Amino acid sequence: MDIYASDDEKGEAIKSWWRENGRSVITGVVLGGAVIFGGRYWINYQQVKTEQAAAMYQQVQMNISEADLTAAEDLTQELMQSHSSTPYAAFATLELAAEQMRNDQAAAALEYLQWTADKATLTGQKDLARLRMARVLVDQGEYEKALELTQQTVSEAFTSLFAELEGDIYLAQEDKQQAYEAYRNAISSMDVDDPRKTLLEMKRDDVAVINEG
């Protein structure tokens, strides 16, 4: 638009521009509003689902504390099916699996742990599930399957835990040299002030003494 045009000319220019572009402006405003509204609706919807999942998870915990595993399983299944995108579904499966192990239901526990390893939204939940699966498999004498799981860690926080378990597995297989290397790797990946360090150093030194003998 010419800034030196008269007021009438400016008015006509604005009318002309509006006739040519008004529809697209209105469409843009409407679409923009729809996007904003849709975004807010989606956020609110996700918040509601998360709150529902949190409440259900608390109920699972309560059912477990009351030894009502049937109710805990029913709610956990609902979380797995309807709220799998929230971390509360994996929290529930992890807790239920732990309770099943305490009740000598290893097969059922492994199923929930496998679901967690595959479907959990948080990396730490996936690694915790794999770690617990590996420990169950060790108890069952499935050492090779357990070793495979120790190689699948993703988060640094679990590196030393998986390496320690790897050492325990090799020791159970009487492969003391490999156990020594695994314990040493576990120690090297730990923080200096990690409270588990003393125990791991004892494990490493015990294997070293055996090797020297």
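User: Contact means heavy atoms within 4.5 Å, so which residues does Thr116 touch, not counting residues up to four places away in sequence?
Analyst: First, the ground rules: this is a predicted model, where local features need pLDDT of at least 70 and side-chain atom pairs count only at pLDDT 80 or more, while totals for chains, interfaces and linings use all residues. Residues are numbered from 1 along each chain as its sequence is written, and side-chain values use heavy atoms, with hydrogens and water left out. Thr116 lies in helix α4 and is buried, at a relative accessible area of 0% (buried means under 20%, exposed over 50%, partly exposed in between, with a 1.4 Å probe and protein chains only). Leaving out those sequence neighbours, Thr116 touches Ala90, Thr93, Leu94, Gln125, Lys126 and Ala129.

User: How many helices and strands does the protein chain have?
Analyst: Both are DSSP runs numbered from the N terminus, with helices being H or I over at least four residues and strands being E over at least two. Reading along the sequence, you get the pattern α-α-α-α-α-α-α-α-α. That makes nine helices and zero strands.

User: In which helix is confidence lowest in the protein chain?
Analyst: Confidence here is pLDDT, the predictor's own score for each residue, running from 0 to 100. The chain's mean is 82, with 76% of its residues at 70 or more. Helix α4 (residues 106-119) has the highest mean, at 96. At the other end, with a mean of 64, sits helix α1 (residues 7-65).

User: Over which residues is the pLDDT below 50?
Analyst: Where pLDDT is low, the predicted coordinates shouldn't be read in detail. The stretch you're after has four contacts in the model beyond near neighbours in sequence. It covers residues 1-11.

User: What percentage of the 213 residues in the protein chain do buried residues make up?
Analyst: One buried example is Thr76, with a relative accessible area of 0%. Ala55, found in helix α1, is partly exposed at 44%. Over the whole chain of 213 residues, the buried share is 33%.

User: Which residues does Thr76 touch, not counting residues up to four places away in sequence?
Analyst: Thr76 is found in helix α2 (residues 69-82). Thr76 is also buried, at 0% relative accessible area. Skipping those sequence neighbours, its partners are Val60, Ala92, Thr93, Leu96 and Tyr112.

User: What distance does helix α3 reach from its first C-alpha to its last?
Analyst: Helix α3 covers residues 87-102, which is 16 residues. The expected span of a helix is 1.5 Å times one less than its number of residues, and for α3 that is 22 Å. The model comes close to that, with a reach of 23 Å.

User: Which residue with a positive phi follows α3?
Analyst: Most residues other than glycine have a negative phi. This residue's phi is about 60° although it isn't a glycine. It lies in the loop between α3 and α4 and is exposed, with a relative accessible area of 72%. The residue is Asp104.

User: And Glu174: is it buried or exposed?
Analyst: Glu174 lies in the loop between α7 and α8 (176-188). Its phi is near 65°, a positive value in a residue other than glycine. At 63% relative accessibility, Glu174 counts as exposed.

User: How are α5 and α7 oriented to each other, parallel or antiparallel?
Analyst: Helix α5 (residues 123-139) and helix α7 (residues 159-172) pack at about 10°, with axes 11 Å apart. Axes are lines fitted to C-alpha atoms, for helices over the stretch in contact, and angles run from 0 to 180 degrees between N-to-C directions. Angles under 35 degrees count as roughly parallel, over 145 as roughly antiparallel, 65 to 115 as roughly perpendicular and the rest as oblique. So α5 and α7 are roughly parallel.

User: Which residues of α7 make the contact?
Analyst: On the α5 side, the contact uses Asp127, Arg130, Leu131, Ala134, Arg135 and Val138. The residues of the contact divide into seven nonpolar, no polar and three charged (Ala, Val, Leu, Ile, Met, Phe, Trp, Tyr, Cys and Pro count as nonpolar, Asp, Glu, Lys and Arg as charged, and the others, Gly among them, as polar). From α7 come Leu161, Phe162, Leu165 and Ile169.

User: What separates the C-alpha atoms of Met202 and Tyr183?
Analyst: Met202 is found in helix α9 (residues 197-212) and is partly exposed, at 49% relative accessibility. Along the chain, Met202 and Tyr183 are 19 residues apart. Their C-alpha atoms are separated by 9.5 Å.

Key. Contact means heavy atoms within 4.5 Å.
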